[in-house]
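Let's take a friendly walk through a two-part model. Have the viewer ready and follow along as the elements are introduced.

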Amino acid sequence: MNTGTLQVTTPSEREIAMTRTFDAPRSLVFDAWTKPELLKRWLGVRNGWSLAVCEVDLRVGGAYRFVWRGPDGAEMAMGGVYREIVAPERLVSTEKFDDPWYAGEALDTIVLVEEDGKTTATTTVLYESQEIRDAVLESGMARGVAESYDVLAELLASMA
Amino acid sequence: MTPDRLDSTFAALADPTRRAILARLASGEASVTELAKPFAMSQPAISKHLKVLERAGLITRGRDAQRRPARLEAAPLAEATEWLGGYRRFWEDSFAHLDDLLDELKTKEART
């Protein structure tokens with residue numbers, strides 16, 4: 001059941017935050033975010049992509065590594081190190097892509113807040129500079145790009 | 001797809017005239033003269049836009065020295081769409097799966 005829409009905000013000049021509510025207690029949400037067999041069921045699973053490699057060493061200083069495989073042998077890989085683990089409410093880790101589409105390393109903070117059996121998850125990504133943050137925002141979320149995307153979709157539909 | 005190529009693709013798409021040109025080319029190749037007709041623009045202005053589109057790999061120009069017809073190249077558009085859709089929709093799609101997974105986990109927990 002879908003209990004909420006994804007909200008994207010910019011809490012500071014170097015951050016992007018995403019908030020989403022789930023109809024489940026946070027212990028389950030935390031499990032889903034930290035257990036490989038559960039992560040493989042949802043994280044980045046889309047359009048023929050699967051989370052093929054999912055290694056999680058869930059302790060402070062422990063590493064994680066995710067490799068997604070897509071159509072035509074496409075691959076996307078990232079990893080990082082856990083910095084802070086407070087089950088089931090807070091998880092802080094670094095993230096870096098093998099084939100980086102933004103510069104440097106980012107810091108992810110996931111905060112889970114439970115209320116009336118529902119859990120609100122806020123994921124905040126802290127980039128190394130405002131320039132990088134802005135580039136990420138512009139690349140994927142800005143309105144101009146959304147318009148371009150609509151145009152592309154129309155073009156591709158008309159070419160099919 | 002390299003970030004540089006994405007940059008040039010999106011820079012090329014940022015202009016409404018260039019998007020209109022691409023939309024026109026989606027229905028078949030056309031010369032500069034043919035492309036200039038529907039726009040209140042000179043042929044040199046249209047040529048400039050075509051150069052930007054060509055550099056971005058979004059179109060190619062024919063060898064015919066006189067007409068040099070422009071035609072749409074599908075691959076960069078498809079890659080850009082895939083990439084954008086990938087980034088914008090990554091989390092929404094993921095979370096939709098997570099909703100289903102959590103429902104399943106709740107059911108399991110209720111049984112035990």
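What is the order of the strands in the open sheet of chain A? The sheet has 8 strands in the order β1-β2-β8-β7-β6-β5-β4-β3, with antiparallel pairing.

Before going further, some ground rules. This is a predicted model, in which local features need pLDDT of at least 70 and side-chain atom pairs count only at pLDDT 80 or more, while totals for chains, interfaces and linings use all residues. Residues are numbered from 1 along each chain as its sequence is written, and chains are lettered from A and ligands numbered from 1 in the order in which they are written.

**The sheet of chain A**

Chain A contains 4 helices and 8 strands; here helices (H or I, at least four residues) and strands (E, at least two) are DSSP runs, numbered from the N terminus. Along the sequence, the pattern of chain A is β-β-α-α-β-β-β-β-β-β-α-α.

Strands of a sheet pair through backbone hydrogen bonds, either parallel or antiparallel. Two strands count as paired if DSSP finds at least two bridges between them. The table gathers some antiparallel pairs of chain A, each with one pair of residues that face each other.

| Strand pair | Bridges | Residues opposite each other |
|---|---|---|
| β1(A) and β2(A) | 3 bridges | A:Q7 and A:T19 |
| β2(A) and β8(A) | 8 bridges | A:I16 and A:V125 |
| β7(A) and β8(A) | 9 bridges | A:L112 and A:A121 |
| β6(A) and β7(A) | 6 bridges | A:T94 and A:L107 |
| β5(A) and β6(A) | 6 bridges | A:G79 and A:K96 |

Two of these pairs are joined by hairpins. The hairpin from β1(A) to β2(A) goes through 5 residues, and the one from β5(A) to β6(A) goes through 3 residues.

Where does the sheet of 8 strands end? At its edges stand β1 (7-9) and β3 (50-56) of chain A, each with a single partner strand, so one side of each has no neighbour in the sheet. From one strand to the next, the twist averages 20°, where angles run from 0 to 180 degrees between N-to-C directions and axes are lines fitted to C-alpha atoms, for helices over the stretch in contact.

Now look for the helix α1(A). This helix lies across β2 (15-22), β3, β6, β7 and β8 of chain A, and runs at about 155° to β7(A).

**A core that draws on both chains**

Which residues touch the most other members of the largest nonpolar core? They are A:F22, A:V29, A:A32, A:W42, B:L98 and B:L102, out of 17 residues in this core. A nonpolar core is a set of buried Ala, Val, Leu, Ile, Met, Phe, Trp, Tyr and Cys residues joined through C-beta atoms within 7 Å. A residue is buried if 20 or more other C-beta atoms lie within 10 Å of its own, exposed if 12 or fewer, and partly exposed in between, with C-beta atoms placed from the backbone.

Two or more residues of this core come from each of α1 (26-34) and α2 (36-42) of chain A and α5 (74-111) of chain B. The most come from α1(A), which gives 5 residues.

Take A:V29 as an example. Apart from its neighbours within four places in sequence, A:V29 is in contact (C-beta atoms, placed from the backbone, within 7 Å) with A:F22, A:A24, A:L112, A:T119, A:A121 and B:L102. Another core, of 15 residues, lies apart from the one just described and includes B:L22, B:L35, B:I46 and B:L50.

**Helices of chain B**

Chain B has 5 helices and 2 strands, running α-α-α-α-β-β-α from the N terminus. Buried residues make up 24% of its 112 residues; in chain A, they make up 21% of 160 residues.

Two packed helices are described by the angle between their axes and the distance between the axes. How do α2 (residues 16-25) and α4 (residues 43-55) of chain B pack? Their axes are 10 Å apart, at an angle of about 75°. These two helices, α2(B) and α4(B), are therefore roughly perpendicular (the word covers 65 to 115 degrees, with under 35 being roughly parallel, over 145 roughly antiparallel and the rest oblique).

At this contact, B:T17, B:R18 and B:I21 of α2(B) meet B:H49, B:V52 and B:L53 of α4(B). The residues there divide into 3 nonpolar, 2 polar and 1 charged; Ala, Val, Leu, Ile, Met, Phe, Trp, Tyr, Cys and Pro count as nonpolar, Asp, Glu, Lys and Arg as charged, and the others, Gly among them, as polar.

Note on methods
Two residues are in contact if their C-beta atoms, placed from the backbone, lie within 7 Å.
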